[in-house]
Amino acid sequence: MTRVLSLYEGFFAGGARILHTAVVRNLHATTDQDHRVLSLTNRVTREFTIQAIDTDTSYRRLVSASIPVRALDRGPTDPLKAYDLHLIAREIRYADVLFSLKEQPLDALLRVGTRGTPLVTALHRSDPEHSGAALGSLVEVHRQGLLSAAVCCSHATQRAYHAATGIPLTKLPVIPNGVDLYRFAPNAQRGADVRQQLGIPAGAPVVLIAARNDPMKDIPTFLRAARLFLRHHPRAHFILCGAGMTTDNPDLTRLLTLRLRSRVHALGIQPQMAPLYNAADLVALTSAYGEAAPLCLLEGMASGAVPVTTDVGDAALMVGDPRLVTTHEPRDIAHAWGEALAAKDEHVERLARHRQRLNEQHCFDSYARLLRSYEPSAV
């Protein structure tokens, strides 16, 4: 039995935590690895939303899978106290492999040491400089010879981190993201039910964006494109999901024109996204930077929604059709939505033919092989 300790900066809504949690759950259940999790915080405030650990979907999925989760009693800006460092060191002592979600937890590892335990870090962005001091921690664990591998979820991530850190490509393997094809699947009735609940007329075009209200996601550009889209598709509705995507958030409401307010459904963080994707004709991404392999595009495609994205990270490679990739200009985005809607049947048929490439099992198998190579008996 190989004991694997995952280190999370904290629990809050986001694709990286969803993906990492899915990997941990699968490997714990299907391999001879014994996984446990240590979170360096038990609460965060992001995008006008207070998120406590016990309200987070990823945390609940780990607990429901009987995976031990321990969290330090602190917020992300609170200093690590001596007791916290002692607890981290104790958790490391009983691990055969350390598995860090992104580079943020690495500073704590540098402070307590790894005791020679193999360290694998999972990277989920394509803009390493925006990680701030965490990028320096990644460079330092590599410089000290503590880093076994830094897994990249996209080729864009690999290129960016290689350029920013000098870590050799051999230590930056690419393992693409995947999704649960049973949970995210086309379901017309489920989509119709959601539309009815939201008061969206049958046949009205629906564009969904699943993203936190963060500058990286560029929600103002999405809403400007939505206003332009309504000129040619006056029956359209827009579903917004994610942290800060609520009418309680003044940063969002001040962007809503009178007409948009009657067509925008700002639902905030949603524990069950599949029915919402089923209700959508298009799943949109308007990010300006930072994306690697956006999970929302994969989930939307698997659910039967047509993706339209800006050219960030590996998004263009993921959607597989240049017609579904647009510039960052609102007019171009709105035009791309219209073109994708007009050719929806064609796109849905193509996505269905290639649906198996989205299967998360490919991701799980690759992580299992990688972590197995650092098991005590293998090194």
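**Entry 1: Y8 and the strands around it**

I began with Y8 in this predicted model and looked for its partner across the strand pair: Y8 stands opposite S39 in β2. I then checked R3, which stands opposite D34 in that strand, β2. Both positions belong to the pairing of β1 (residues 2–8) with β2 (residues 33–39), which I find to be parallel and to comprise seven bridges. On burial I noted that β1 is mostly covered, with six of its seven residues buried.

Widening the view, I traced an open sheet of six strands in the order β5-β2-β1-β6-β7-β8, paired in parallel. I recorded β5 (69–71) and β8 (147–152) as the edge strands, each of which pairs on one side only. From one strand to the next I have an average twist of 20 degrees.

**Entry 2: the other sheet**

I next followed β11-β10-β9-β12-β13-β14, the strand order of an open sheet of six strands whose pairing is parallel. Here β11 (264–268) and β14 (325–326) stand at the edges, and because each has a single partner strand, one side of each is left without a neighbour in the sheet. I looked up how β14 is held to β13 (residues 306–310) and found two bridges between these parallel strands, with T309 standing opposite V325 in β14. I also noted helix α12 (residues 295–302), which packs on the sheet and touches β9 (206–210), β12 (282–285) and β13, its direction making about 170 degrees with that of β12.

**Entry 3: nonpolar cores and helix α8**

Which residues touch the most other members of the largest nonpolar core? I listed L208, F222, L223, F238, L240 and W337, out of 65 residues in that core. Helix α8 (residues 219–232) gives the most to this core, contributing eight residues. Apart from it I found another core, of 26 residues, among them L72, L98, L119 and L172.

I took L240 as a case to follow further: leaving aside residues up to four places away in sequence, L240 touches I209, F222, L223, M245, L252, V264, H265, A266, L267 and G268.

For α8 I then compared length with expectation, and its 14 residues reach 21 Å from the first C-alpha to the last, close to the 20 Å expected at 1.5 Å a residue. The buried residues that I noted in α8 are I219, T221, F222, L223, A225, A226, L228, F229 and L230.

**Entry 4: a buried histidine**

I looked up H347, which is found in helix α15 (residues 344–353). Is H347 buried or exposed? I entered H347 as buried because its relative accessible area is 2%, which falls under the 20% cut-off. Setting aside residues up to four places away in sequence, I found that H347 touches V306, D321, R323, L324 and A340.

**Entry 5: cysteines**

How many disulfides does the structure hold? I counted zero disulfides, and I checked two cysteines to see why. The sulfur of C153 has its closest cysteine sulfur in C152, at 7.7 Å, and is therefore too far away for a bond. For C296 the closest cysteine sulfur is that of C241, and because the separation is 10 Å, this pair too is too far apart for a bond. The cut-off I applied is sulfur atoms within 2.5 Å.

I also checked burial at these sites, and C153 is buried at a relative accessible area of 5%, while C296 counts as buried at 9% relative accessibility.

Definitions and conventions. Residues numbered from 1 in each chain as written. Predicted model: local features only at pLDDT ≥ 70, side-chain atom pairs only at ≥ 80, totals over all residues. Heavy atoms only, no water. Pairing = 2+ DSSP bridges. Helix = DSSP H or I, 4+ residues; strand = E, 2+ residues; numbered from the N terminus. Axes fitted to C-alpha atoms, helices over the stretch in contact; angles between N-to-C directions. Buried < 20%, exposed > 50% of the residue type's maximum accessible area, 1.4 Å probe, protein only. Contact = heavy atoms within 4.5 Å. Core = buried A, V, L, I, M, F, W, Y, C linked by side-chain atoms within 4.5 Å. Expected span 1.5 Å × (residues − 1).
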